[in-house]
Amino acid sequence: MNHLYNLLIILIFTINNTTLIAQSLFQKQLDSLLLVLDKTTEGNDRVDILNEISYNYRRIEPQKVIEYGRKARKLAIVNNYTKGEAIAYKNMGIGYYKSSAPKDTTIGFYKKAIEKAKVVNDYYTQVACMNNIALVYNENLEFYKGIQFLLEAIKLYDEHYEKENRLKALMVANVGFAYFKLKQYQKALTYLERALNISADNNIPSIRSIYLDDLALTLIGLNRLEEANEVLDEALTVQTRQGDMQSVMQTLLHKMTLAIKRKRYNEAIGYANQLINKEQVQNFPSLHMVVFNKLAKIAFYKGNYQQTINHSQKAQKIAQNLGLLTYQKENLEYVHQAYEKLGMYAEAYKVSQQFILLMDSLQSSEKEKYTADLEAKYQNQEQARAIELLNERQNNQAIRMRLLIGITLITLIAIGLVTFLYLKRKQYSDIIEAKNQKLNEYIGYNMELENFAYITSHDLKTPLRTIVSFTQLLKRKITAKLDATELEYLDFIINGSKEMSTLVDDLLTYAQIQGQSIQIDAIEPKVLVEDTLRGMQADINKKNAEITIDIQRKWIRGDATKLKQLFQNLISNALKFHKPDTVPVVNIALAEATKYWIFSVKDNGIGIEKDYFDRIFLIFKRLHGKRKYDGTGIGLAICKKIADQHNGQIWVESEVGQGSTFFVSIHKNL
Ligand code: ADP
């Protein structure tokens, strides 16, 4: 839902009708400036007026901003008037920014302006340009770069100006906004509040009204919902007073989202009705659509499935008119589930087909967005490291994993569909052929490495869920008509799909471990192990296991979350692979070597043959059938990865029938 929301914001700001109001105001000012220009023929004054005209055109006609900026620069050079030249460059940067020129062109002009302003110690122009450069970076999702420029600009401002003004408040608020976009809500809040304080202390109320919505969304991010609601109420009052209908509608939408989050559905419906009844909403079809989409969601939560379908269809109609594929997909998701709930399986099936087709069409655009997000995400100092980790994913193991998922998925879906169609007396045999071909292509595209997490979490899970729920529904519906063998086939599909689901979850964990850098904390290992055991208490009690811990109280360094996961895997294996009729006895210990800490998890289980000591740490390597001991064969591979990330190793010593001891070393200097 989040990207849906972001898209909406972009759309709303694109259709910007406030320009019209601004135009008449600026036009008046411009007319008088043009008159003055006619009378001023020579010197620096003329440069100043040209610059003034250029700047005034910024909300009316970007081309003119550039044109007058250019004239000002030319004359400034002739007159050797460097300050005027700097301002001309700044204005040209604004002109290029407003005409959506490439990022580097715009930034180039601002940098030139800064260079000139430095010569004449014009700090204000420097600060303004740095703020403008930050805005360009923010727009390109390069928020860390944006923040860097803003912080430098604020520093320069503070060094040279005592009184805080609108520009200072704007810069501080922009830092808050960038942190908000980066989902670092605590920092965002600090800066936004600071900006609002500046605006209160210096009587600049416009800043407060501009940033109230961002403040509310930040509070929502921090789960401070009551306060967020109060801020939104204030925003509504201010915006209504200013007659800014566009902002009022946007705030009402935020209020609706917040009410849904707080499960206050009737209140949310109230806001929806207020929005729909506003005449101006017709000018903002995207907003109209999102309201219907949210209404469909509410109806779904309330169990009004027919209403879900009606609302979704309204939203869908607008989405189709606007050609917005992402929305079309989101809208279909509810329709498909609503039909399923109503028992209208043929319709549900049809809609899920459309859903898959849309997913195909979206593939390339989402991939672009995903890549852009990635670029933005990794641009800070972590960049080099994160990219290295991404590359690491491009190893053969990852390709093998994906192939395996691909093949299993095709097989599963094929079996599911064949059975479905068989039970429907082969009615849809041509559809399945086309669908299989589509799926093959689909999986082909998805072999792209960067999309791995996306594929596993989204593309694989959705069809899997569809298979599981449809076969379960099918089973419930036609059990009486099937013989024992047919029922058994159905159970095969259901169980197969569930196993697949576990496999996908485990693979995701594995992929995430691969991709993450480790976070070093100071840890008390004894407390960490006790914590882990507390989480496994149910399993321990069920097996009547005896667990002992031999760890002295001390502090070591490591990634607490990952080490917890490691112990959980090792201890649950120790419990799982116990000898029948024997109580599992497990000992967890910590020893100290020169450069390493060495943990051990010892059990009295079935043991492992020497030949397999190395192989069990490879992904998917298991020594027993699923019937005897369940599992996916990923646990130890995850442990190995975690040991590697701690610059250590994992190994096992064991005797068949006697038990096993798993050792994990982690480096002391992390
Ligand atoms: P899984 O969870 O499927 O068992 P793991 O990667 O955790 O996967 O383990 C791989 C294999 O190593 C297991 O299938 C099992 O054969 C063997 N193994 C792991 N831990 C133990 C243990 N404590 N005792 C005996 N065999 C073990």
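**Close-up views of a ligand and its pocket**

**View 1. The shell around the ligand.** Sorted by residue type, the shell around the ligand holds nine nonpolar, eight polar and four charged residues. Keep in mind as you look that this is a predicted model. In total, 21 residues surround the ligand, and N573, D603, R622, G633 and L636 are the closest. Which element gives the most to this shell? Look for α26, which contributes three residues.

**View 2. Polar contacts with the ligand.** Three residues to find here are R622, T632 and G633. R622 places a polar side-chain atom 2.6 Å from an oxygen atom of the ligand. With G633, the partner is a polar backbone atom, 2.7 Å from a ligand oxygen. T632 also uses its backbone: an N or O atom there lies 3.0 Å from an oxygen atom of the ligand. On its own the ligand has 540 Å² of accessible area, and the protein covers 97% of that.

**View 3. The pocket that holds the ligand.** Now step back to see the space that the ligand takes, which is the second largest pocket. Two or more residues of the shell around the ligand come from each of α26, α27 and β7. The pocket contains about 1,000 Å³ of space. Elements that give two or more residues to its lining include α20 (396-423), α25 (537-543) and β7 (659-667).

**View 4. The lining of the pocket.** How many residues line the second largest pocket? There are 42, and K576, R622, D630, G631 and T632 lie nearest the centre. α23 provides the largest share of the lining, seven residues. By type, the lining divides into 16 nonpolar, 16 polar and 10 charged residues.

Terms used: Residues are numbered from 1 along each chain as its sequence is written. This is a predicted model: local features need pLDDT of at least 70, side-chain atom pairs count only at pLDDT 80 or more; totals for chains, interfaces and linings use all residues. Side-chain values use heavy atoms; hydrogens and water are left out. On a 1 Å grid over the protein atoms alone, a cavity is a set of points where a 1.4 Å probe fits but cannot get out, and a pocket is an open set with protein on both sides within 12 Å along at least five of seven lines; lining residues have an atom within 4 Å of a point. Grid points are joined across faces, edges and corners, and a volume is the space filled by probe spheres set on the points. Helices (H or I, at least four residues) and strands (E, at least two) are DSSP runs, numbered from the N terminus. Ala, Val, Leu, Ile, Met, Phe, Trp, Tyr, Cys and Pro count as nonpolar, Asp, Glu, Lys and Arg as charged, and the others, Gly among them, as polar. A residue is near a molecule or strand if one of its heavy atoms lies within 4 Å of it. A polar contact is a pair of N or O atoms within 3.5 Å; within protein, one must be able to donate a hydrogen and the other to accept it, and residues adjacent in sequence count only if both atoms are side-chain atoms. Accessible areas come from the Shrake-Rupley method with a 1.4 Å probe; for residues, only the protein chains shown count as cover. A molecule sits in a cavity or pocket if more than half of its atoms lie within 2 Å of its grid points.
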